[in-house]
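Student: Please take a close look at a single part of this model, namely its salt bridges. I would like each pair placed in the fold, with its surroundings described as you go.

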Amino acid sequence: MIQAFDSAILDFFLSLRNEILTPILKVITLLGEVGIIWIILGLILLFKKETRIIGIMILIALAAEVLICNGVIKNIVQRPRPCWRNSLIDTLVKRPTDFSFPSGHTGACFAALVPCWFYRKKWLAIPATVFALIIVGSRMYFYVHYPTDILAGALIGVVIGGIVVFVVNKLSKKEKIRKLLRLPEAEPKQQ
């Protein structure tokens, strides 16, 4: 049943391939490599005091996601990629050499999105979410991930992002840490 689900969705994404979409998605999927777009976003957010906490959370979440998804889970599960199982379909991009499950691109996207949504920064969260979904779709378009890899990556990314938000939010309430990180003053406690 899972194989039928994966195959049907991959076939749909393969049917979308065309000369206009392919070069655009090549650039977008490349920006997702090693979470580069999210690293850049996190670093940019560090510059402004009001968004610094989000940048810190994104960077910590990305580091945790790489360790957990790519460093641990992929090497335990060792699921072959769809392009390894069916080499007749051209990936149109460089063939990945690491395992398929879970999708690291997707894990990074969702780990980075959680802090954006948690702080209700719609000006940031909405375009970041749209861009993340395009990255995620590109992984199936290029036949390098199964949909179930994507779903697992999204779930893991959300969990990691949520844990990071919780921990950093708790720690950032301490005055010493706020000063060290040059965060805005804590809001006064309501009585």
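Tutor: Helices (H or I, at least four residues) and strands (E, at least two) are DSSP runs, numbered from the N terminus. On that basis the protein chain has nine helices and zero strands, and its elements run α-α-α-α-α-α-α-α-α from the N terminus on. This is a predicted model, in which local features need pLDDT of at least 70 and side-chain atom pairs count only at pLDDT 80 or more, while totals for chains, interfaces and linings use all residues. Residues are numbered from 1 along each chain as its sequence is written, and side-chain values use heavy atoms, with hydrogens and water left out.

The mean pLDDT (the predictor's confidence in each residue, from 0 to 100) is 87 for the protein chain, and 91% of its residues reach 70 or more. Among the elements, helix α4 (residues 52–77) has the highest mean pLDDT, at 94, and helix α9 (residues 175–180) the lowest, at 66. The C-alpha trace spans about 65 × 35 × 25 Å along its principal axes. Of the 191 residues, 44% count as buried, where buried means under 20% relative accessible area, exposed over 50%, and partly exposed in between (1.4 Å probe, protein chains only).

Turning to the part you asked about, a search of the whole structure finds four salt bridges, each being a side-chain nitrogen of Lys or Arg within 4 Å of a carboxyl oxygen of Asp or Glu. Among them is the pair formed by D6 and R79, whose closest N and O atoms are 2.8 Å apart. D6 lies in helix α1 and R79 in the loop between α4 and α5, so this pair ties together parts that are 73 residues apart in sequence. Both partners are buried. R79 also meets D149 in a salt bridge, at 2.7 Å from N to O; with R79 in the loop between α4 and α5 and D149 in helix α8, this second pair ties together parts that are 70 residues apart in sequence. D149, like R79, is buried, and the shared partner joins D6, R79 and D149 into one network.

Another of the salt bridges links K74 to D98, with 3.4 Å between the closest N and O atoms. Here K74 belongs to helix α4 and D98 to the loop between α5 and α6, so the pair ties together parts 24 residues apart in sequence. The two partners of this bridge fall into separate accessibility classes: K74 is buried, with a relative accessible area of 2%, whereas D98, at 31% relative accessibility, counts as partly exposed.

The helix that carries D6 deserves its own description. In α1, D6 is buried along with L10, F13 and L14. Seen down the axis of α1, these buried residues fall within an arc of 100 degrees, so they line one face of the helix; the arc is that of the directions from the helix axis to the C-beta atoms. The face turned away from this buried side carries the exposed residues A4 and S15. The buried residues of α1 pack against α5 (82–85), α7 (122–141) and α8 (147–171), through contacts, meaning heavy atoms within 4.5 Å.

Helix α4, which holds K74, also takes part in the nonpolar interior. A nonpolar core is a set of buried Ala, Val, Leu, Ile, Met, Phe, Trp, Tyr and Cys residues joined through side-chain atoms within 4.5 Å. The largest such core has 44 residues, and those with the most contacts inside it are W38, I54 and I58. The elements that give two or more residues to this core are α1, α2 (21–32), α3 (36–46), α4, α6 (104–118), α7 and α8. Leaving aside neighbours within four places in sequence, I58 is in contact with W38, L41, G42, L45, A112, P115 and C116.

Four of these contacts of I58, namely W38, L41, G42 and L45, are the buried residues of α3. Seen down the axis of α3, they fall within an arc of 100 degrees, so they line one face of that helix, and what covers them includes α4, α6 and α7. G55, which is found in helix α4, touches G42, L45 and L46, not counting residues up to four places away in sequence. At 0% relative accessibility, G55 counts as buried. As for the chain as a whole, 76% of the contacts between residues at least 6 apart in sequence join residues at least 24 apart.
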